[in-house]
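User: I'm new to this one, so could you pick a single part and walk me through it closely? Please explain any terms as you go.

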Amino acid sequence: MTAQGTVYLLHFRRPYRHARHYVGYCAGDVAIRVDAHQAGQGARLLAVVSQAGIGVDLVRTWPGDRSLQRPKRRHNSPRLCPVCRSAALAHNTKEATSA
């Protein structure tokens, strides 16, 4: 049996190379985990994003276990991200009204 916790999605305020998101899992308090990431502790990607001066926002959470962290392997984080979905919707609406 796997431990329940929280799966979370971080949105980078600007892309770092190819990366725009990070999906993680936390058994405890997500806010504490995000603070640790921003302090350079934890995932290497988030450490270099922080060193590059790129801010991150916690944009979505799901209750569950570590197996739900797998969206990062499927590269579907943009579809799960409310920030990216809003931007895409605004872009599509703008194109439709200008056509």
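Analyst: Let's start with one pair of residues: the bridge partner of Leu9 in β3 is Arg60. A little further along, His11 has Asp57 as its bridge partner in β3. Before going on, you should know that this is a predicted model, where local features need pLDDT of at least 70 and side-chain atom pairs count only at pLDDT 80 or more, while totals for chains, interfaces and linings use all residues. Residues are numbered from 1 along each chain as its sequence is written, and side-chain values use heavy atoms, leaving out hydrogens and water.

Those two pairs belong to a set of eight bridges that join β1 (residues 5-16) to β3, with the two strands running antiparallel. Strands here are DSSP runs of E with at least two residues, helices are runs of H or I with at least four, and both are numbered from the N terminus. Two strands count as paired if DSSP finds at least two bridges between them.

β1 has another partner too: seven bridges link β1 and β2, again in the antiparallel sense. Put together, that gives an open sheet of three strands in the order β2-β1-β3. β2 (19-26) and β3 (56-64) are the edge strands, each pairing on one side only. From one strand to the next, the twist averages 20 degrees; angles run from 0 to 180 degrees between N-to-C directions, using axes that are lines fitted to C-alpha atoms, for helices over the stretch in contact. The hairpin of β1 and β2 has two residues between the strands, and there Arg17 takes a positive phi near 55 degrees.

Now zoom in on Thr6, which lies in β1. Thr6 stands opposite Cys26 in β2. Its contacts (heavy atoms within 4.5 Å) include Gly24, Tyr25, Thr61 and Trp62, not counting residues up to four places away in sequence. Val30 is on that contact list as well: Thr6 and Val30 are 24 residues apart in sequence, yet 7.2 Å apart in space, C-alpha to C-alpha.

What lies across the three strands? Helix α1 (residues 30-38) does, running at about 35 degrees to β1. Helix α2 (residues 44-51) also packs on the sheet, touching β1, β2 and β3, and its direction makes about 40 degrees with that of β1.

His37 is a nice spot to look at in α1. His37 counts as buried because its relative accessibility is 2%, and the cut-offs are under 20% relative accessible area for buried, over 50% for exposed and partly exposed in between (1.4 Å probe, protein chains only). The side chain of His37 makes a polar contact with the side chain of Tyr8, at 2.7 Å. A polar contact is a pair of N or O atoms within 3.5 Å; within protein, one must be able to donate a hydrogen and the other to accept it, and residues adjacent in sequence count only if both atoms are side-chain atoms. Leaving aside neighbours within four places in sequence, His37 is also in contact with residues including Leu10, Tyr22 and Leu46.

Leu46 takes us to α2, where Leu46, Ala47, Val48 and Val49 are buried. The buried residues of α2 pack against β1, β2, α1 and β3. Just after α2, Gly53 takes a positive phi of about 80 degrees.
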